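Work through the exercises below with the model open beside you. Try each task before reading its solution.

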Amino acid sequence: MKLYTYFRSSAAYRTRIAFNLKGLAFEPVTVDLRAPASEQHKPSFRTINPHGLVPAIVVDGITISQSLAIIEYLDETHPEPPFLPRSPLDRARVRSMALAVACDIHPLNNLRVLNYLRSPLGHDEETVNTWYRHWVAQGFAGLEKLAQQTSADGRFMFGATLTLADIFIVPQMYNAPRLKCDVEPYPTLRKICAHLESQPAFARAAPEAQPEAS
Ligand SMILES: N[C@@H](CCC(=O)N[C@@H](CS)C(=O)NCC(=O)O)C(=O)O
């Protein structure tokens, strides 16, 4: 299966983790998001994903975009190990943690949003970085409180097994130091991510492990 990906894309990073956890191989197709390449805007990629965003997969000639849709597709077609707990209530709690990253943090800090703040809105780099850090801090503060209540032993976001919430928190935390976000106030998130990043499925999905990183 082709996975349109970019090493620095945290949304693509989520899907790489999911592929690895399921033990599924993927064929990476690099979409260089950085100017001047900006391959996400080229017609060749827009015919794959009209939104011009990675990740995307192609299944039987059909594109699936949106990391959550891709990851749930993998989970539904390859149920082991499951990414969601059994009870509807627990599933909803896990989804709400994953969506706090996917809907409330990441979209405000995506490349195209930061670029729009720079131009045409004319904000300088310090203002853009302040914007980034503000929304990360808001999201992480909430997730830290939740994880303190739901993590069984500091290895996973919810309970004592891996869930969707783990797949979403790691890439967002990984990006934090690059943008100088202070992660000191989030000891539970730090501990969980340190544990998860040491797992082979996560390590192989990390940006520095991707071929285009070198
Ligand atoms: N909600 C989407 C977000 C996808 C997304 O924003 N991808 C970013 C990379 S992390 C992207 O392709 N950005 C290109 C751009 O901003 O021009 C998902 O979860 O897949």
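**Exercise 1. Find what share of the contacts joins residues at least 24 apart in sequence.**

Solution. Start with contacts, meaning heavy atoms within 4.5 Å. Keep those in the protein between residues at least 6 apart in sequence. Of these, 66% join residues at least 24 apart.

A note on the input. This is a predicted model: local features need pLDDT of at least 70, side-chain atom pairs count only at pLDDT 80 or more, and totals for chains, interfaces and linings use all residues. Residues are numbered from 1 along each chain as its sequence is written, and side-chain values use heavy atoms, with hydrogens and water left out.

**Exercise 2. List the helices and strands in order, then judge the compactness of the protein.**

Solution. Take helices (H or I, at least four residues) and strands (E, at least two) as DSSP runs, numbered from the N terminus. The protein has nine helices and four strands. From the N terminus on, the order is β-α-β-α-β-β-α-α-α-α-α-α-α. The radius of gyration is 17 Å, close to the 17 Å that the globule rule gives for 214 residues, so the protein is as compact as a globular protein of that length. That radius is taken over C-alpha atoms; the rule is 2.2 Å times the number of residues to the power 0.38. Along the principal axes, the C-alpha atoms fill a box of roughly 45 × 45 × 30 Å.

**Exercise 3. Determine the buried share of the residues.**

Solution. Apply the cut-offs: buried is under 20% relative accessible area, exposed over 50%, partly exposed in between (1.4 Å probe, protein chains only). Buried residues make up 46% of the 214 residues.

**Exercise 4. Locate the cis peptide bonds that precede proline 36 and proline 81.**

Solution. Check omega. The bond joining alanine 35 and proline 36 is cis, with omega about 5 degrees. Proline 36 lies in the loop between β2 (27-30) and α2 (43-46). The bond joining glutamate 80 and proline 81 is also cis, with omega about -15 degrees. Proline 81 sits in the loop between α3 (67-77) and α4 (88-109).

**Exercise 5. What is phi at serine 38, and what is it at glutamine 66?**

Solution. Recall the background: most residues other than glycine have a negative phi. Serine 38 has a positive phi, near 40 degrees. Its place is the loop between β2 and α2. Serine 38 is buried, at 17% relative accessible area. Glutamine 66 has a positive phi of about 75 degrees. Glutamine 66 is in the loop between β4 (62-65) and α3.
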